[in-house]
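Grab a pencil and work through these short exercises with the model open beside you. Each one sets a task and then walks through a solution.

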Amino acid sequence: MNLTDLQQFFSGKRVFLTGHTGFKGAWLLLLLHHLGAEVKGYSLPTEHPEDLYNQLNGDQLCQSVEADMRDADRLRQELLAFRPDVVFHLAAQAFVRRSYRQPLDTFGANVMGTAHLLDALREAEYPVTTILITTDKVYENDERGTAFPETAPLGGYDPYSASKAAAEIVIDSYRRSFFHPDRYDQHQKNIVSMRAGNVIGGGDFSEDRLVPDLVRAIRNNEPVVLRNPQSVRPWQHVLEPLVAYLILAAHASGPSGLRYGTAYNIGPDRQDERTVLQVARQFYEAFGLSQEPIIQPDETLHEAQLLMLDNSKLKTATGWKPALTADEAIRWTARWYASAMPAPEKCALQINAYFDRIEATI
Ligand SMILES: NC(=O)c1ccc[n+]([C@@H]2O[C@H](COP(=O)([O-])OP(=O)(O)OC[C@H]3O[C@@H](n4cnc5c(N)ncnc54)[C@H](O)[C@@H]3O)[C@@H](O)[C@H]2O)c1
């Protein structure tokens, strides 16, 4: 599926996007805007003035609602008033370390927030395709180094991972109980969940994430501090999962899309897995710096060391494949932060380059 196919599908579509003020949400908002969709966003406000959503003037790109996923009535009202064709659910308390500090907020937003959204959809008496975003951390991780297929048991040690695994169970329950494919004529809903790996890309200024930590350290002329230098993660450029979400929404729509209504991993190919330390060193290199990170292991809060995903189900189902190598993803990310161009222009350049790359690999 290429840019033209996506434009044909999304042009004029009404898209309800939760988490539009977040890092991935802001990029997805821009993509949807480029594709001609009409977007209503539902999220908490941005946390930092520098957040990508603010730099993109996100309020000009959508109808923006600042509200909480835990407010079931408000969510139902905003969703049903908009009458969406497609829903992308990204809103979540998305930080592992914050989840240790605020477990109840995390479970409330991620588990009940997901249930509130699915429950509101029960009242929509028209076709809606819904893509719910969880994470690669939904699997019970025995750290044996095998790449998890979608059939691997769900689980989670820290509250963030557990909340996302629980959200997957909620999604599956709603799919089977209320949106069963055998009863599509009655409910007209297609429900997909996507488990993405760690994303990197320009415009992330969050706490406790590798790239924003590196950018802050470079700006302050200090070495970055790494807590888990040897942790292996399925890193990918932010455009990879976002374009996969769009592709899947297009495939999964309507009665012919019913067979896509399941869970998918989305991650890089195995040769593109990297440790935190490797990514940090490559990022410095892309900036033309020869800094070495400071290693300060943190034994107090458990985080998985090894995490790999099997991405073959999505490839077989849709023909999707990663368009960028890990090295390119790191270089594209560094280039974004190094450029003095306004954010809307540099994001648009990378979006165009990404679709050119897809075109070339079809
Ligand atoms: N960034 C990654 O590497 C990564 C990897 C895998 C999965 N994910 C998932 O992708 C989604 C987006 O991640 P992100 O990196 O953009 O995170 P982010 O923290 O940048 O954005 C989170 C968004 O959710 C909203 N939100 C948080 N709590 C809310 C609440 N109670 N009510 C309403 N809105 C709320 C925020 O306002 C924000 O818009 C999340 O579901 C996350 O779990 C992210």
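**Exercise 1. Find which residues Leu80 touches beyond its sequence neighbours, and place it in the fold.**

Step 1: leave out residues up to four places away in sequence, and Leu80 touches Ala120, Glu123, Ala124 and Tyr126; contact here means heavy atoms within 4.5 Å.

Step 2: look up its element. Leu80 sits in helix 4, residues 72-82; helices are DSSP runs of H or I with at least four residues, strands are E runs of at least two, and both are numbered from the N terminus.

Step 3: check exposure. Leu80 has a relative accessible area of 23% and is therefore partly exposed, since buried means under 20%, exposed over 50%, and partly exposed in between (1.4 Å probe, protein chains only).

Step 4: add a distance. Phe16 lies 64 residues from Leu80 in sequence, with 9.9 Å between their C-alpha atoms.

A word on the ground rules: this is a predicted model, where local features need pLDDT of at least 70 and side-chain atom pairs pLDDT 80 or more, while totals for chains, interfaces and linings use all residues. Numbering starts from 1 along each chain as its sequence is written, and side-chain values use heavy atoms, leaving out hydrogens and water.

**Exercise 2. Describe the surroundings of the ligand.**

Step 1: list the neighbours. There are 27 residues around the ligand, and Thr21, Met69, Leu90, Tyr160 and Lys164 come nearest; to count, a residue needs a heavy atom within 4 Å.

Step 2: sort the shell. You get 14 nonpolar, eight polar and five charged residues (nonpolar: Ala, Val, Leu, Ile, Met, Phe, Trp, Tyr, Cys and Pro; charged: Asp, Glu, Lys and Arg; polar: the others, Gly among them).

Step 3: look for polar contacts, pairs of N or O atoms within 3.5 Å. A ligand oxygen is 2.5 Å from a side-chain N or O atom of Tyr160. Polar backbone atoms join in too: one of Phe23 is 2.9 Å from a ligand oxygen, and one of Val199 is 2.9 Å from a ligand oxygen.

Step 4: work out the cover. On its own the ligand has 830 Å² of accessible area, and the protein covers 92% of that (Shrake-Rupley method, 1.4 Å probe).

**Exercise 3. Sum up the whole chain: how many helices and strands are there?**

Step 1: count 14 helices and 13 strands.

Step 2: gauge the extent. The C-alpha trace spans about 60 × 40 × 40 Å along its principal axes.

Step 3: check the interior. Of the 362 residues, 57% are buried.

Conventions:
Polar contact = N/O pair within 3.5 Å; in protein donor to acceptor, adjacent residues only side chain to side chain.
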